[in-house]
Protein chains: 2
Amino acid sequence: MKAFSAETVYALRALLYLAGRRDGESYLSIRKISEELEISFHFLTKILQMLTQKGILTSSRGPAGGVRFFRAPDKVSVIEVIHVFEGNDYFTTCMMGLPGCSDKAPCPVHDLWKEVRTAMKSRLEDVTLAEMGTRTMLERLRLSP
Amino acid sequence: MKAFSAETVYALRALLYLAGRRDGESYLSIRKISEELEISFHFLTKILQMLTQKGILTSSRGPAGGVRFFRAPDKVSVIEVIHVFEGNDYFTTCMMGLPGCSDKAPCPVHDLWKEVRTAMKSRLEDVTLAEMGTRTMLERLRLSP
DNA sequence: TTTATTTGAGATAAATTACTCCGAAATAGT
DNA sequence: ACTATTTCGGAGTAATTTATCTCAAATAAA
């Protein structure tokens, strides 16, 4: 079950890593994050650039530069990150890809699929990066292979 | 939310179309199915060949040939079709793609994700192609754009 | 002011997925 | 036997996703 693209997954891993740090004020270099999480530096750079453009991170160039949260991580839900890379209609699309599939003109799995994605969305939309980040740190949950 | 590959989706649509027919005994040509569902003929051919190899369909060449169910459609669950094209570990893989992610060495979304995919699996494993096919026919649910 | 370091941005390449094409093999009907 | 039709099987192409490379722009520190 590959529900998310590599971009989304790498973004979440990087953000949870950032959110789990003690010092949230200072910039952390993308190089460092990429090494820590074993993600391609250049690819991760593109992804974090996107998060900067979307107002989730802010960045600084030059020595001692890097990225940090723009908004506090307790103001960013996991859902928001998903929407950045998967699009805003992620939790409303038809499983069969039929255009115009809706309650009025449903496909055979419409109701079932609606339940599944609604449950998933409601589970993801209240949990913030801060909550998940601190839990990740405290329980030493895995972020890399 | 693109949970399944094009192959899986096309397979399901074709199977539900077959399962919704009155006459389940006769062969139906792939050409006919592809036109009815507006799916590429050659691509659908490959997909239905796979279902034939996996013992879900059986086929006949030549004039009046085509495909039909090998096992009765009330003996085939939707889950089985998904496993053919997505692999058998579809409902057990880590959302973050971390190798070895498990209850013992969990990633940050392990528990949440486990719930989601387990709920999804249990919803899909009892529903058969027959049930869904007849419902599709009776309620005139959509199978094509 | 120079240098080393770091993100920004866009081109390019590799890998995967989606789709197409072609000829061979089978088979029903004439 | 011949012909038209249909699946089979494999190779080839296109599109998308994932990853890499290069250089410019910014900036902190010497």
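Four salt bridges are counted between chain A and chain B, a salt bridge being a side-chain nitrogen of Lys or Arg within 4 Å of a carboxyl oxygen of Asp or Glu. One pairs A:Glu115 with B:Arg123, with the closest N and O atoms 2.4 Å apart. Over all chains the structure holds 12 salt bridges. The model is a predicted one, in which local features need pLDDT of at least 70 and side-chain atom pairs count only at pLDDT 80 or more, while totals for chains, interfaces and linings use all residues. Residues are numbered from 1 along each chain as its sequence is written, chains are lettered from A and ligands numbered from 1 in the order in which they are written, and side-chain values use heavy atoms, with hydrogens and water left out.

## Interface between the protein chains

Between chain A and chain B there are 12 residue pairs in polar contact, both residues at pLDDT 80 or more. A polar contact is a pair of N or O atoms within 3.5 Å; within protein, one must be able to donate a hydrogen and the other to accept it, and residues adjacent in sequence count only if both atoms are side-chain atoms. On the side of chain A that touches chain B, helix H1 (6-19), helix H5 (110-125) and helix H6 (129-138) of chain A each supply at least two residues. H5(A) gives the most, with nine residues. Helices (H or I, at least four residues) and strands (E, at least two) are DSSP runs, numbered from the N terminus.

By class, this side of chain A has 26 nonpolar, four polar and eight charged residues. Ala, Val, Leu, Ile, Met, Phe, Trp, Tyr, Cys and Pro count as nonpolar, Asp, Glu, Lys and Arg as charged, and the others, Gly among them, as polar.

In contact terms (heavy atoms within 4.5 Å), 38 residues of chain A meet 38 residues of chain B. The area buried between the two chains is about 3,600 Å², and carbon and sulfur atoms give 69% of that area. Buried area is the accessible area (1.4 Å probe) that two parts lose on being put together, summed over both. In chain A, A:Met1, A:Pro108 and A:Arg142 lose the most area to chain B, together 25% of what that side buries.

## Relation of the two copies

A turn of 180 degrees and a shift of 0.0 Å along the axis lay chain A on chain B with an RMSD of 0.1 Å. The two copies are thus related as by a two-fold rotation axis. In chain A, the C-alpha nearest the axis belongs to A:Ala3, at 2.6 Å from it. Superposition is by least squares on the C-alpha atoms of residues with pLDDT of at least 70 in both copies. Of the interface residues of chain A, 100% are also interface residues in chain B, so the copies meet through the same surface.

## DNA strands

A residue is near a strand if one of its heavy atoms lies within 4 Å of it. Around DNA strand C there are 23 residues, of which A:Ile30, A:Gln49, A:Ser59, A:Arg61 and B:Ser40 come nearest. Sugar and phosphate account for 65% of the atoms of DNA strand C that come within 4 Å of the protein. The surface near DNA strand C divides into seven nonpolar, 12 polar and four charged residues.

DNA strand D has 21 residues around it, and A:Ser40, A:Phe43, B:Ile30, B:Ser59 and B:Arg61 come nearest. For DNA strand D, sugar and phosphate make up 64% of the atoms within 4 Å of the protein. The surface near DNA strand D has seven nonpolar, 11 polar and three charged residues.

Polar contacts to the two strands include these:

| Residue and its atom | DNA atom | Distance |
|---|---|---|
| A:Ile30, polar backbone atom | strand C, phosphate oxygen | 2.6 Å |
| A:Arg61, polar side-chain atom | strand C, sugar or linking oxygen | 2.5 Å |
| B:Ala6, polar backbone atom | strand C, phosphate oxygen | 3.2 Å |
| B:Ile30, backbone N or O atom | strand D, phosphate oxygen | 2.5 Å |
| B:Ser59, polar side-chain atom | strand D, phosphate oxygen | 2.5 Å |
| A:Arg61, side-chain N or O atom | strand D, sugar or linking oxygen | 3.1 Å |

## Chain A

Chain A has six helices and two strands, in the order α-α-α-β-β-α-α-α along the sequence. Its C-alpha trace spans about 55 × 30 × 30 Å along the principal axes. Within the chain, A:Glu36 forms a salt bridge with A:Lys32, the closest N and O atoms being 3.1 Å apart. Both residues lie in helix H2 (residues 30-37) of chain A, four residues apart, about one turn of the helix.
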